[in-house]
Amino acid sequence: MATAASSLHAANGNERFNNEAANWDNNPFVHEASRQALKAILAKFPALKNPPGENGLDVLELGCGTGLLSSIIAPYAKRVVAVDAAPGMIEVLKTKLQKPGAPQNILPLAVLLEDANDKRLPPADEFNPDGPRLKFDLIISHLVLHHIPDLRQVLNTMQDCLKHSGWVALTDFEDAGPDSKSFHARSRMEGVARHGIHVETMEILMNEVGFVNVNVDRAWSMDKNVEKVDGEFGDAGRAAQAGQGQRKARQLNMFENTTSGVRH
Ligand SMILES: C[S@@+](CC[C@H](N)C(=O)[O-])C[C@H]1O[C@@H](n2cnc3c(N)ncnc32)[C@H](O)[C@@H]1O
């Protein structure tokens, strides 16, 4: 169940992401990061196949934004349920899905996902719409965990959403010390719960909540143009003119693991 505190936080974060939704896809960094995430995920999960075939995977993306990763993983999956707490992000995704050539196996949902039994998730059996909700073979979540105040809670929710021995593949940037704060420009700090993910902390947490075979890879790194001085980019959030900002290498990690299945 959503707590008052977490819902309040999400509402605040929503405001930022709703405002950014229309221009989200104009940032080349997020496209490249999603392409790199797909590459890392495909390398880990050979069951993802293009075309997916009879036994294709049911994939859930938590925090899909405008669906950049959902759209490029869809050809490898039976279906993708693409969930985001910000309705503005989901509206952009819905518009994109109406365009010719867009994948037809994505279900976009504006949901702050905190409960695997949330009735807005699709049912496991289409002939029993009020019955148990669909469970997933694979849950992905990309550049989202650093926005979530209670990581333990979201990992528990993910476990509850998985099929027996389903997998999660989570990608986010690394908390590599004080410098990690510069990942976000000052005007983009709303809704940021932490400045990246600390690898060992995440590994421990995932084991504690009951995942097994926990594995963390530094899957790739990307350069990002970040503020030289706090607030340099102003409201734009990114360099508006030549000479602004400085390039910094950002490590992006992949946390990969399966559940023991005992929770279902
Ligand atoms: C930095 S954006 C990343 C969006 C997308 N994954 C991308 O890489 O383009 C983080 C997104 O996570 C969403 N979000 C955060 N917590 C969430 C939750 N518990 N359930 C669903 N969406 C969530 C936000 O609304 C926001 O759109």
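The paragraphs below go through a predicted model of a protein chain, from its overall form to its strands and its nonpolar cores.

The protein chain contains six helices and seven strands. In sequence order, these elements give the pattern α-α-β-α-β-α-β-β-α-β-α-β-β. The chain is as compact as a globular protein of its length, because its radius of gyration is 18 Å and the globule rule gives a value close to this, 18 Å, for 264 residues. Measured out along the principal axes, the C-alpha trace spans about 55 × 45 × 40 Å.

Other totals describe how the chain is packed. Of the 264 residues, 49% are buried. The area that the protein chain exposes is about 12500 Å², and 52% of it comes from carbon and sulfur atoms. Contacts can also be sorted by separation in sequence: among those between residues at least 6 apart, 73% join residues at least 24 apart.

The strands can be taken in order. Strand E2 covers residues 79-84 and strand E3 covers residues 106-110; the two run parallel and are joined by five bridges. Within this pair, alanine 82 of E2 stands opposite proline 108 in E3. Helix H4, residues 87-97, belongs with these two strands, and E2, H4 and E3 together make a right-handed β-α-β unit.

Further along the chain, the pairing involving strand E7, residues 246-259, is antiparallel with E5, over seven bridges. In that pairing, threonine 171 is placed opposite methionine 254 in E7. E7 also pairs with E6 in the antiparallel sense, here over 13 bridges. One of the facing positions is methionine 222, which stands opposite arginine 250 in E7.

The nonpolar interior comes next. The largest nonpolar core has 33 residues, and Leu155, Met158, Leu170 and Met202 have the most contacts inside it. Several elements each supply at least two residues of this core: strands E1 (58-62), E2, E4 (136-142), E5 (162-173) and E6 (211-226), together with helices H5 (151-161) and H6 (199-209). Leucine 155 shows how parts of the chain that are apart in sequence meet: leaving aside residues up to four places away, leucine 155 touches Leu170, Met202, Leu205, Met206, Val209 and Phe211.

A second core, separate from the one just described, has 32 residues. Among its members are Phe45, Leu69, Ala77 and Ala102.

How values were computed:
Residues are numbered from 1 along each chain as its sequence is written. This is a predicted model: local features need pLDDT of at least 70, side-chain atom pairs count only at pLDDT 80 or more; totals for chains, interfaces and linings use all residues. Side-chain values use heavy atoms; hydrogens and water are left out. Two strands pair if DSSP finds at least two bridges between them. Helices (H or I, at least four residues) and strands (E, at least two) are DSSP runs, numbered from the N terminus. A crossover is right-handed if, with the strands pointing away from the viewer, the path from the first strand over the helix to the second runs clockwise. The radius of gyration is taken over C-alpha atoms; the globule rule is 2.2 Å times the number of residues to the power 0.38. Buried means under 20% relative accessible area, exposed over 50%, partly exposed in between (1.4 Å probe, protein chains only). Contact means heavy atoms within 4.5 Å. Accessible areas come from the Shrake-Rupley method with a 1.4 Å probe; for residues, only the protein chains shown count as cover. A nonpolar core is a set of buried Ala, Val, Leu, Ile, Met, Phe, Trp, Tyr and Cys residues joined through side-chain atoms within 4.5 Å.
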